[in-house]
Amino acid sequence: MSVPHFRKVAAIALATGLGLGLAACSTKSDDDTDAAGKTIITVDCQPVGAQKNLLQAWNDDVKAFEAANPSIKIKSVSVGTQCANPPDFTARLQGGSMTDIFYGYMTDVQQVIDSGQAIDITAYANKENIPTWDDVLPDAKNTFTKDGKVWGIPTKNYSMGLVYNKTLFTKAGLDPKTPPKTWAEVREAAKKISALGDGIAGFGEYSSGNTGGWHFTAELFSQGGAPVSADGKKADFNNDLGKKVLQNLKDMRYGDNSMGARQLLGWGDLLTIAGAGKVGMFIGAPDATTAIVTQFQGKYEDWAMGAMPGQDGAAKGTLGGGEGYFFKKGLTDDQIKAGLKWLAFEKLTPGKGQFDYARAKAQGEQVGLPQPQLFTPGSASQKSEFDLRKANGNIAPEDFAAFENNPVAIKFEPANAQGIYAILDGAMSAILTNPNASVDAELKKAEEKVNQLLAQAAK
Amino acid sequence: MAIATVPGAGIDVGSQAPVPVDPRRARRNRRIKDNLTGYAFLIGAVICFAFFSWYPMIRGVVMSFQRTRAGETTWVGWANYERIINDPSFWTAWQNTLYFTVLALVAGYAIPFFLAVLLNEFRHAKGYLRILIYLPVMLPPASALFLFKYLAYDPSDAGLFNSILKGLGLPTSQWMQSTDMTMPAMVLASTWMNMGGAVLIYLASLQNIPGELYEAAELDGAGLWRRITNVTIPQTRLILSLMAMLQVVATMQLFIEPLILANGAGSEDSATSVVYLIYQHGFFQNDLNGAAALGVIMLVALIGFSAVYARLNAQQD
């Protein structure tokens, strides 16, 4: 072949290849039925390979579900250990590359609705498709409902309390069975724990990546406050309650030097320190202990949990949240029903899926955590779940008794939460990194910014 | 054969008379035919640019004038721009970004140049030194920054830099936890990570300077400093000027340094950059349209800077 002719052929081949490649990219690969006529659904949040036990349990559940429902085929997709890491979640959502049934946080509902990528499942969310639906907590359902329309199915819920390291408590001469109940007691305990030295912080707190604002909000709820006014139009933290939140932290950080040298902590930073046994207490949900062990090399036997501390007595509120699954736009009737059936099996049936405590116990996983509590107290599902949990529990009941026996009113995150949290990060980081920062000045600055943000968001 | 007549023209268009060929058109056709192979090879690059550069840019501009709510996209004029300009962190982000750019221009521009000059003077171990200087570029930026975050910038006395400072009897620093140190610390890490490429480019340019010029300067009694200012800098002016522009455009897009070293905004917003603000709006605040508007503002600012810079340079030439 002559050189010019070869070049022509090569060029044409290249152009054709690129054309075919692009055509292949646009081919729809996720059909709703397979050759055998089975309904196919793709589902995300399959555990990753490193979560060996959880992955094994998921795969076993898929097999069992498919055997019980021969007309349905589940295709599992793993999207990382933190299934709805905000940037990844938003990218998938905006790109329309989510699975048919996709995982998200309660706080993602507005974003999911705005994206136009999800389907309203009001007509399907019922007892016929999810046998335990009537037993699911109305509050949990409400978090996925907007203007009377159901956009998602809740599969987990949490509320915050005081997570603490029993081993460090014992070493510091504190009673690991009676965790601090007030912020003053937290401060005293933090002082004793940090006196152990070796880089151990008595109390750990977030102040970056929007997590500082998140925890400021949780601690403000504990004081009886709220980040925004009831109508959501104005900041409502530049008051005595907000000042107490920051003053408590400032006293521990610079008054007692009991919070460690490293600040500007984000979610993974604090849990890494916790996994290494270098922090005595922090604010978190019960599943923080699971994360510390499964993702940050900690030990279950080190951790326990108390109720959210209050200022002078019991906390007046705590921050709650949850997660669930949404349904992608364009699914067929059969796919939606198949998705609901799967969620009912895997997430909302006592004794199955996430509530298969016997299996979790056999795998050496932690069983007996007080949350999730997805079912209404007194309902048949709640009783059944409770009995199974008690029968298979492998954690010392007293480790979470202080949390479980002192329920605190759960408050949910405000609209525009992430924007507000980003601003409040500024106040939290100032108090935790600058000994000269003024509580009053930081709150005032943050208030002005939040008001500006809310005014713009309303436009 | 049916004969048609164009009304009013009186010309028989159905005849077999030869149609006159437009010579320009013929030339163009021939040129296209001759270059067909070239065009076919170009398709790949054009498709890549079109899909991955031009389309996203155009889409970004379009999105910056739209708002998507409840799956409905509407045109909103300048509303996104108004909202983003009124964002509480908008001006802080620009101030921080410009501060970083100025600092990075001083450090990231001068240090590699002088390192290249020094390297050029060495007679031995040049190759090894070049590898040593280029090595950090081969490290993934995230890994390099984590090294700085957890080893060098640890604010306790156990941190690498603080141990050195303490060993020298100097006061230690809070590094990323100090609003005053945030930017210098980010510039230091960024310069260390990125200067290898610049050093090699400067070195290549230095090696193109004819040796006679230095010999003449030495005969005239010029020392090292005079040789640099009177020979090296004038002879490398073109490359220095290009690198300055590239440096400004790259540093204005500051993102990974605040994201990793400061977990985003840093202490009291001292690390918030324009691109980090875009990321916050796009991926955390359910405001892709606001993020697109800020992206367009950044694009216009950089195009404006590049145009003015190129014009000033052309005038100098």
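Where in chain A is the place of A:Leu374? Look in the loop between helix 13 and helix 14 of chain A, and you'll find A:Leu374 there. Before you go on, keep in mind that what you're looking at is a predicted model.

Let's stay with this loop for a bit. You might ask whether A:Leu374 is buried or exposed. A:Leu374 counts as buried because 26 C-beta neighbours sit inside 10 Å, and the cut-off for buried is 20 or more. Who are its partners? Setting aside the neighbours within four places in sequence, A:Leu374 is in contact with A:Val136, A:Leu137, A:Ala140, A:Pro154, A:Asn157 and A:Leu348. Take A:Leu348 from that list: A:Leu374 and A:Leu348 are 26 residues apart along the chain, and their C-alpha atoms are separated by 8.0 Å.

The loop between helix 13 (357-362) and helix 14 (380-392) of chain A also holds A:Pro372. Check the peptide bond leading into this proline: going from A:Gln371 to A:Pro372, the bond is cis, with omega near 10 degrees.

Now for another loop of chain A. A:Asn129 has its place between helix 4 and helix 5 (138-142) of chain A. A:Asn129 counts as partly exposed, because it has 19 C-beta neighbours inside 10 Å, while buried would need 20 or more. If you skip residues up to four places away in sequence, A:Asn129 touches A:Tyr124, A:Lys337, A:Leu340, A:Lys341 and A:Ala344. To get a feel for distances in chain A, hop from A:Asn129 to A:Ala314: that's 185 residues along the chain, and the two C-alpha atoms are separated by 41 Å.

Time to zoom out to the domains. In the domain assignment, chain A has domain 1 (39-159 + 321-400) and domain 2 (162-317 + 408-457). The centres of these two domains, taken over C-alpha atoms, are separated by 29 Å. Where they touch, 15 residues of domain 1 of chain A are in contact with 16 residues of domain 2 of chain A. On the domain 1 side, the elements giving two or more residues are strand 6 (152-159) and helix 15 (398-404) of chain A. Helix 15 of chain A gives the most to that side, with 3 residues. Sort the residues on the domain 1 side by class and you get 5 nonpolar, 8 polar and 2 charged.

Next, a pair of helices. Two packed helices are described by the angle between their axes and the distance between the axes. Helix 9 (residues 240-255) and helix 17 of chain A pack at an angle of about 130 degrees, and their axes are 10 Å apart. That angle is why helix 9 of chain A is called oblique to helix 17 of chain A. The crossing of helix 9 and helix 17 of chain A is right-handed. From helix 9 of chain A come A:Gly242, A:Lys243, A:Leu246, A:Gln247 and A:Lys250, which meet A:Val439, A:Asp440, A:Glu442 and A:Leu443 in helix 17 of chain A. By class, this contact between helix 9 and helix 17 of chain A splits into 3 nonpolar, 2 polar and 4 charged residues.

Compare that with a pair in chain B. Helix 4 (residues 90-121) and helix 8 (residues 182-207) of chain B pack at an angle of about 40 degrees, with axes 7 Å apart. That makes helix 4 of chain B oblique to helix 8 of chain B. The class split here is 22 nonpolar, 7 polar and no charged residues. Helix 4 of chain B passes helix 8 of chain B in a right-handed crossing.

How do the chains meet? 41 residues of chain A are in contact with 34 residues of chain B. On the chain A side, helix 1 (3-25), helix 3 (86-95), helix 4 (109-115), helix 16 (417-433) and helix 17 (439-457) each supply at least two residues. Helix 16 of chain A gives the most, with 9 residues. That side of chain A has 14 nonpolar, 20 polar and 7 charged residues.

Finally, look at two asparagines. A:Asn210 has a positive phi of about 75 degrees although it is not a glycine, and B:Asn263 has a positive phi near 55 degrees. A:Asn210 is buried, with 25 other C-beta atoms within 10 Å, and B:Asn263 is buried, with 26.

Note on methods:
Residues are numbered from 1 along each chain as its sequence is written. Chains are lettered from A and ligands numbered from 1 in the order in which they are written. This is a predicted model: local features need pLDDT of at least 70, side-chain atom pairs count only at pLDDT 80 or more; totals for chains, interfaces and linings use all residues. Two residues are in contact if their C-beta atoms, placed from the backbone, lie within 7 Å. Helices (H or I, at least four residues) and strands (E, at least two) are DSSP runs, numbered from the N terminus. Ala, Val, Leu, Ile, Met, Phe, Trp, Tyr, Cys and Pro count as nonpolar, Asp, Glu, Lys and Arg as charged, and the others, Gly among them, as polar. Domain bounds come from an automatic or database domain assignment. Axes are lines fitted to C-alpha atoms, for helices over the stretch in contact, and angles run from 0 to 180 degrees between N-to-C directions. Angles under 35 degrees count as roughly parallel, over 145 as roughly antiparallel, 65 to 115 as roughly perpendicular and the rest as oblique. A crossing is left-handed if the near helix is turned anticlockwise from the far one by less than a right angle, and right-handed if clockwise. A residue is buried if 20 or more other C-beta atoms lie within 10 Å of its own, exposed if 12 or fewer, and partly exposed in between; C-beta atoms are placed from the backbone.
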